[in-house]
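Colleague: I am new to this structure, and I would like to understand how each label attached to it is justified. Could you take me through the reasoning, label by label?

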Amino acid sequence: MKLAKTIIIAAVAMTASVTVPAMAAASETESLTVLTDKKPSKKAKAEIRDVHFHVHLHCANCVKKVQENIAFEKGVKDLKVSLEDQTVDIKYDASKTSEETLKAAIEALGYPVAENGAAHHHHHE
């Protein structure tokens, strides 16, 4: 009889010790999935947008200056600067930057950006 009791106790002790780590493991994996869930949703939230600016660029150096500076702006994915068309096309991540920020960055380089894509070259009095 004594032997049977010890076996039961051992079995209970074993199941108890199994349950506790299993629960701990479950809550750990839950908190892990919460952490990993946050990252992909951030990536999914990356709103890629295109913005088209009319910028008064004078020469190839202006183009180069805009390309070199704006390419490093946060959230900029792609950049096309055209001297011929006087335009700056930017593909950007709207969750990291905005049209206003990009416009301000171009203007900070000394190039006025025309409002609403209409170039203001008509005010020569």
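Modeller: Let us begin with Arg49, which forms a salt bridge with Glu47, their closest N and O atoms lying 2.6 Å apart. Please keep in mind that this is a predicted model, in which local features need pLDDT of at least 70 and side-chain atom pairs count only at pLDDT 80 or more, while totals for chains, interfaces and linings use all residues. Residues are numbered from 1 along each chain as its sequence is written, and side-chain values use heavy atoms, with hydrogens and water left out.

Colleague: Why is the pair Arg49 and Glu47 called a salt bridge?

Modeller: The term requires a side-chain nitrogen of Lys or Arg within 4 Å of a carboxyl oxygen of Asp or Glu. The closest N and O atoms of Arg49 and Glu47 are 2.6 Å apart, so the pair satisfies that rule. By this rule the count comes to three salt bridges; Lys80 with Asp78 is one of them, at 3.2 Å, and Lys96 with Asp93 is another, at 3.5 Å.

Colleague: What makes Asp93 buried or exposed?

Modeller: Buried means under 20% relative accessible area, exposed means over 50%, and partly exposed lies in between, with a 1.4 Å probe and protein chains only. Asp93 has 2% relative accessibility and therefore counts as buried, whereas its partner Lys96, at 45%, is partly exposed. In the other pair with a lysine, Lys80 with Asp78, Lys80 is exposed at 52%, while Asp78 is partly exposed at 31%.

Colleague: How do you know which residues belong to a nonpolar core, and which touch the most other members of the largest one?

Modeller: A nonpolar core is a set of buried Ala, Val, Leu, Ile, Met, Phe, Trp, Tyr and Cys residues joined through side-chain atoms within 4.5 Å. The largest has 20 residues, of which Phe53, Leu57, Ile70, Val88, Ile90 and Ile106 touch the most other members. Helix H2 (60-70) and strand S3 (87-93) are among the elements that each supply at least two residues of this core, helices being DSSP runs of H or I with at least four residues and strands runs of E with at least two, numbered from the N terminus. H2 gives the most, with four residues.

Colleague: What is Val88 in contact with, beyond its neighbours within four places in sequence?

Modeller: Contact means heavy atoms within 4.5 Å, and the partners of Val88 include Phe53, Leu57, Val66, Leu79 and Ile106.
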